[in-house]
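These are my notebook entries on one structure. I set down what I looked up, entry by entry, for a reader who has not met it before.

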Amino acid sequence: MKFTPHTPVETAEMLAVIGVESIDELFGTIPREHWVVGDLDLPAPKSEPEVLRYMKALAELNATTDGVLSFLGAGAYDHYIPAAIPHLLDRGEFLTAYTPYQPEVSQGTLQAQFEFQTMVARLLGMDVANASMYEGATALAEACLMACRYTRRTGILVSSAVHPEYRRVLETYAGPENVTEVQIDETGATDLAALDGACSGDVGCVVVQSPNFFGVVEDTGAAVNAAHANGALAVATFTEPLAF
């Protein structure tokens with residue numbers, strides 16, 4: 001049994017263009033002891049309904065948030081998506097090509113970013129918001145670099161309750177020698193006393209995440225006050241706008 005999409009005529013045409021007489025000649029440089037001879041050890045073909053039933057049975061082996069509660073945190077939380085949302089996403093304003101750097105063919109992406117930025121600015125009381133980064137870790141790193149350029153300082157104080165992958169990206173951008181981590185307390189929140197004590201000297205920005213990696217809602221106001229008291233800026237990262 002051979003699993004190939006090509007007919008004998010198509011195969012012959014391709015071999016003629018390449019300039020060989022047969023498939024065996026095409027792969028002749030491969031030692032014969034490494035050839036697969038005969039049929040592959042694969043199960044018999046199934047119909048589409050049979051395959052769907054099989055895949056559904058495999059999927060049901062997983063525990064999902066449809067049947068159990070998840071307390072994993074890490075910025076991944078279960079949400080109910082209203083039925084109107086898929087309909088809105090199918091509108092022409094959104095349903096266009098994904099290439100933000102080619103605006104003439106990507107109005108859907110630009111529109112979605114504009115709507116998100118507007119929501120964030122209104123929700124958090126900000127003058128401006130930028131949603132043009134590819135993902136949260138890059139956005140966090142760029143925000144920290146901007147804060148350091150603005151304050152003309154190089155130190156970055158980041159809570160260890162910030163997503164570890166975000167922190168690794170930040171260290172890659174800024175250099176690990178410029179990043180100092182503040183550990184969490186017994187509640188899973190950032191140790192604000194330690195943060196306040198470390199926020200001095202060359203610290204250009206303070207970074208917290210709320211809800212943090214452990215799902216704890218941080219006292220971002222205290223972190224912001226500590227940063228501003230030292231002449232630094234505060235950077236807040238979050239993946240859960242509904243928390244605000």
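**Entry 1: His 163**

Where is His 163 found? I located His 163 in the loop between S1 and H7. Before going further I note that the model is a predicted one.

I next asked whether His 163 is buried or exposed. His 163 has a relative accessible area of 14%, and because the cut-off for buried is under 20%, I record His 163 as buried. I then looked up its contacts, leaving out residues up to four places away in sequence, and found that His 163 touches Ala 74, Gln 209 and Phe 213.

**Entry 2: the strands**

I began with strand S1, residues 155-159, and strand S2, residues 179-182; S1 and S2 pair in the parallel sense, over four bridges. Within this pairing I found Val 179 of S2 opposite Ile 156. Between the two strands the chain passes through helix H7, residues 164-174, and I noted this β-α-β crossover as right-handed.

S1 also pairs with S3, again in the parallel sense and over four bridges. Here the residue of S3 that stands opposite Ile 156 is Cys 205.

I then followed S3 to strand S4, residues 233-237, and counted five bridges in a parallel pairing. Cys 205 has Leu 233 as its bridge partner in S4. The path from S3 to S4 runs through H9, and this β-α-β crossover is right-handed.

I also checked how well S3 is covered: seven of its seven residues are buried, and I entered S3 as mostly covered.

**Entry 3: the nonpolar cores**

Which residues touch the most other members of the largest nonpolar core? Out of 16 residues, I list Leu 140, Cys 144, Ile 156, Leu 170, Cys 205 and Val 207. At least two residues of this core come from each of helix H6 (136-151), S1, H7 and strand S3 (203-209). H6 gives the most, with six residues.

I took Cys 144 for a separate look. Setting aside neighbours within four places in sequence, I found Cys 144 in contact with Ile 156, Leu 170, Cys 205, Val 207 and Val 235. Apart from this core I recorded another, which has 11 residues, including Leu 157, Val 182, Cys 199 and Val 206.

I compared the two lists for S1. Ile 156 belongs to the largest core, whereas Leu 157 belongs to the other one. As a general matter, side chains in a regular strand alternate between the two faces of the sheet.

**Entry 4: aromatic rings**

How many aromatic pairs are there? I counted one aromatic pair. Phe 213 and Phe 214 form it, in an edge-to-face arrangement with 5.5 Å centre to centre and 80° between the planes.

I looked up the accessibility of both residues. Phe 213 is partly exposed, at 23% relative accessibility. Phe 214 is also partly exposed, at 44% relative accessibility.

Elsewhere I found Arg 32 over the face of Trp 35, at 4.0 Å from the ring centre.

**Entry 5: backbone features**

I searched for backbone values worth an entry. By way of background, most residues other than glycine have a negative phi, and most peptide bonds are trans.

Which peptide bond is cis? I found a cis bond from Ser 210 to Pro 211, with omega near -10°. Pro 211 has its place in the loop between S3 and helix H9, residues 220-229.

Arg 152, a residue other than glycine, has a positive phi, near 60°. I placed Arg 152 in the loop between H6 and S1. Its relative accessibility is 77%, and because the cut-off for exposed is over 50%, Arg 152 counts as exposed.

Gly 19 comes just after H1 and takes a positive phi of about 100°.

**Entry 6: H1 and the segment before it**

I finished with helix H1, residues 8-18. One of its 11 residues is buried, and I entered H1 as hardly covered.

Thr 7 is found in the segment before H1. I noted Thr 7 as partly exposed, at 37% relative accessibility. Lastly I looked up the separation of Thr 7 from Gly 73, which lies 66 residues away along the chain: their C-alpha atoms are separated by 52 Å.

Technical notes. Residues numbered from 1 in each chain as written. Predicted model: local features only at pLDDT ≥ 70, side-chain atom pairs only at ≥ 80, totals over all residues. Heavy atoms only, no water. Pairing = 2+ DSSP bridges. Right-handed = clockwise from strand over helix to strand, strands pointing away. Core = buried A, V, L, I, M, F, W, Y, C linked by side-chain atoms within 4.5 Å. Buried < 20%, exposed > 50% of the residue type's maximum accessible area, 1.4 Å probe, protein only. Contact = heavy atoms within 4.5 Å. Phe/Tyr/Trp six-rings, centres within 6.5 Å; stacked < 30°, edge-to-face > 60°. Lys NZ or Arg CZ within 6 Å of the ring centre and 35° of its normal.
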